[in-house]
Amino acid sequence: MVPVLHAAKAGEIEEGKEGSVPVKGQTASGPLLAVRQLTKLFGSFAACNAIDLQIEPGEIHALLGENGAGKSTLVKMLFGVLAPTSGEIRWRGRNVRITSPSDARCLGIGMVFQHFSLFEALTVAENIALSMNGSVSLARVAEEAARLSQIYGLPLDPKAHVADLSVGERQRIEIVRALLQNPQLIILDEPTSVLTPQEADRLFETLLKLRSEGRSVLYISHRLEEVQRICDRATVLRHGKVTGACDPRAETPASLARMMVGSDVTVVTPEGTSTRGDVQLEARHLSVAARTPFAVSLKDICLRVRAGEVLAIAGVAGNGQSELFDALSGEYPVADDDAVQIRQRPVGTRNINARRLMGAGFVPEERHGHAAISGLSLSDNLVLARSQSDRQAFLGGGALKIIRHGAVKAATRRISEAMDVRKSGDDPPAGSLSGGNLQKFIVGRELDRQPAVLVVNQPTWGVDAGAASRIRQALVDLAKAGSAVLVISQDLDEIFEVATEIAVINEGRLSDPYPARELSREKIGLLMGGMSGKTESAGAAHAH
Amino acid sequence: MRIELEKRAKASALFSILSPFIALALTILFGGVMFALLGKNPVTALYSFFVEPLSEVWSLHELAIKAAPLILIGVGLSVCFRSNNWNIGAEGQFIMGAIAGSALPVLFYDWQSPLLLPLMMLLGMIGGALFAAIPAFLKAHMNTNEILTSLMLVYVAQLFLDWLVRGPWRNPQGMNFPETRTFGADAVLPEMLASGRMHWGFAFAIVAAVLVWFMMRYTLKGFEITVLGQSERAGRFAGFSSRKMIWFSMLFSGALAGLAGISEVSGAMQQLRPVISPGYGFTAIIVAFLGRLNPLGIAAAGLVLALTYLGGEAAQLSIGVSDKVTRVFQGLLLFFVLSCDALIHYRVRLVWDRFAAVKTEEAH
């Protein structure tokens, strides 16, 4: 089931034929790709410092490292997006200069980026066609893409506009697009972060299959378990340097993590047997019609979060998570006042600031342009979320509402210290912080208020391991201190780390909550696949 | 082959400040080339265009008279543009403000009172704001594009004024000239200084610039404007309403344009004529961008653009070129301001390979 689009053009395609891999000019021995002393300087800052890396034909090679370790810079050089400052790249023993992604594709390198390179105004098929060499008809591309997406369990509508798709769906386009190129080396940057365990399993099968056909995979991930499961070798980066090359199966997760972050990662300690208080956040038969033709409608959602509890909502991207967040936060109030209750008072029709004043805090999924504005300073971004809830501290001058920059800056410093936000300068623009540090600030901005209710959507999406564990610990601690915490996440590791209760959202419906301890990953996977224990009978298991 | 604009990772802070000056220098340079092509000595031509109008007291007064509406409108537009609302129809709001304010001295020409002038100013602001309310309503509730609606309404206002002064409001004692009655003494915005014609409209402009600067820099309202202009979604998260901001920014800029209109008519003309503006409402867009949407910068930029009007008039007399030169200079200036801004945020690349698009997408 290897996608061979250009072979198909020549009329050679043979569906399902095994082993007929059109490997171009395969040499018998030697590494497929060898990188020597590859260095990339940005000014005087070495994002990659004399990297050595060797990928053999037919291996799955893991590239491990924290955010900012230089992984992305390295693969961008391999894919022709960035030009190396010095060092060499050898492809099949031949010294090559890769000056553009199309060069890379010609060599046989495919790439699935973590940050998507998609044109929002175009359709899925058009985006895929853009990266194809030669003139393949759009209909053919759409057909191939649909076929591939089905084979690999990555459902995609080729006619959908990218702008209307969720983060998870966009990643699927990238994966399908890379597979369509029939690459010898496929680079995957955190590919599983939005897949269900079952879908990830299917992807792993694909990767193993690609390997069995003699192709190589460079697999970037921070999920150590995955790396140990499918990768043959691993190269670990830290601060732009190689800190280790190993066989991941011979290592423990802890030893891999140590190579990655330089010290042992603090393990989040889940809450013990703390007492549960009153219900602080509640949704009663919350139904919301889809705002756009591509949004998901929420259907009769009931949930309750008591003080001291962390309710995690699992689910694959695009199943109503953002719509649920919008309704709970009050960014888009709902018609029925009783449908959302904060601290046992109806707030369904109230706006976000009214809910904040009742003691709720909110952390949206998207950092840039939603939770924060990249061009504004951190202190301005603090005002963004707290102009009303902290108006006595932050605003002066009566009706003029003059922002007290002194007070705001002091609070910014307090939050930065509490959450260990690393930044350049006292009050830099939010956009200059790394993803992990900005997220720590955004979460810290709410924690600083000690909210009685906290609703968080994807708390650690695209965040490095150190920051993620810090954020998760903070969520757990907040619940311990007597707040009600609702976490919407696609990351099952995260969910099991923080949750006391788990529910699953699928197509706008929420399953019953289960105590975290009683729920297995397989069960969650089934719920994500649409078997909401509430409405479907056991017979539906056959559908899977 | 094609040309691509590739977004820079970081805009240079230094060049953001320098860009208006670079744009000015380029405008003058190309203006000189233009004069040379017209067969004039570029140095003397530029001198009579840009320097001579500044050499006498009376012409400095004229400069302030011309700068006042540009600054008032530009300051209002900066609020609009910063909040991502593109009001291009300030020219129409200027005219409708002038008409609304002139209603009192034209229709009740016998009424003399110290209250008259403040009432006229107020009516002028209301008239401008109401006319801006049309594109505001259409954008907020019908999702129309305010650039188109506000621009098209300019022609409605111009023709409405033309009809008024030729028809119902024409001066009965005016020998059929298309003009209204001349305003009574109490309806005239007085001169600020004894030395020349500069009227209090200039003071309004400076006060408005300082107040808006204060609002943008220190108050929550200014913060709201900035936030909604940069990201509607983040604004919603902050609890700000982008719909209310459409109303606020359009009404605010309409009111300032209307105030500029009635100040101009009351202070400089003392009657309505078929044409009361040499394109102030459009030139103010250049002023707003040349001033980097900063109200204090706009005050300075307003003086620069006012100079192009004066220079155009002076150049007709002294070197005998058409006053269209004014428009050329304004056009050059806007072109260079926007080009400089574009180059601050983007770098230009020539792309030979049509598949390289993915690369540029990735680069940021």
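Helices (H or I, at least four residues) and strands (E, at least two) are DSSP runs, numbered from the N terminus. With that in hand, let us walk through this predicted model, in which local features need pLDDT of at least 70, side-chain atom pairs count only at pLDDT 80 or more, and totals for chains, interfaces and linings use all residues. Residues are numbered from 1 along each chain as its sequence is written, while chains are lettered from A and ligands numbered from 1 in the order in which they are written.

A good place to begin is confidence. The predictor's confidence in each residue is its pLDDT, from 0 to 100. Chain A has a mean pLDDT of 82, with 84% of its residues at 70 or more. Two stretches of chain A call for care. Over residues 1-28 of chain A, pLDDT stays under 50, and the model has 32 contacts beyond four places in sequence for them; here two residues are in contact if their C-beta atoms, placed from the backbone, lie within 7 Å. Residues 532-544 of chain A also stay under 50, with 14 such contacts beyond four places in sequence.

Now look at the strands of chain A. Two strands pair if DSSP finds at least two bridges between them. Strand β1 (residues 33-42) of chain A runs antiparallel to strand β4 (residues 86-91) of chain A, and 5 bridges join them. One of the bridge partners in β4(A) is Trp91(A), which matches Leu33(A). β4(A) also pairs with strand β5 (residues 94-96) of chain A, in the antiparallel sense over 3 bridges, and there Arg90(A) stands opposite Asn95(A). The hairpin of β4(A) and β5(A) has 2 residues between the strands, and in it Arg92(A) takes a positive phi near 55°.

Positive phi turns up elsewhere in chain A too. Ala50(A), in strand β2 (residues 45-55) of chain A, is not a glycine, yet its phi is positive at about 50°. How buried or exposed is Ala50(A)? A residue is buried if 20 or more other C-beta atoms, placed from the backbone, lie within 10 Å of its own, exposed if 12 or fewer, and partly exposed in between. Ala50(A) has 14 other C-beta atoms within 10 Å, so it is partly exposed. Lys401(A), another residue that is not a glycine, has a positive phi of about 50° and is found in the loop between β17 (395-396) and β18 (402-403) of chain A. Lys401(A) is partly exposed because 19 other C-beta atoms lie within 10 Å.

Helix α12 (residues 378-386) of chain A offers a contrast in cover: 9 of its 9 residues are buried. Among them are Leu378(A), Asp380(A), Leu382(A) and Arg386(A). The buried residues of α12(A) pack against α13 (391-394), β18, α14 (405-418) and α15 (435-447) of chain A, together with α8 and α9 of chain B.

That brings us to the interface, where 23 residues of chain B are in contact with 33 residues of chain A. On the chain B side, α8 (220-230), α9 (232-237) and α14 (357-362) each supply at least two residues. That side divides into 12 nonpolar, 4 polar and 7 charged residues, where Ala, Val, Leu, Ile, Met, Phe, Trp, Tyr, Cys and Pro count as nonpolar, Asp, Glu, Lys and Arg as charged, and the others, Gly among them, as polar.

Within chain B, helix α7 (residues 201-218) packs with helix α12 (residues 295-318) at an angle of about 155°, their axes 8 Å apart.

Methods: Axes fitted to C-alpha atoms, helices over the stretch in contact; angles between N-to-C directions.
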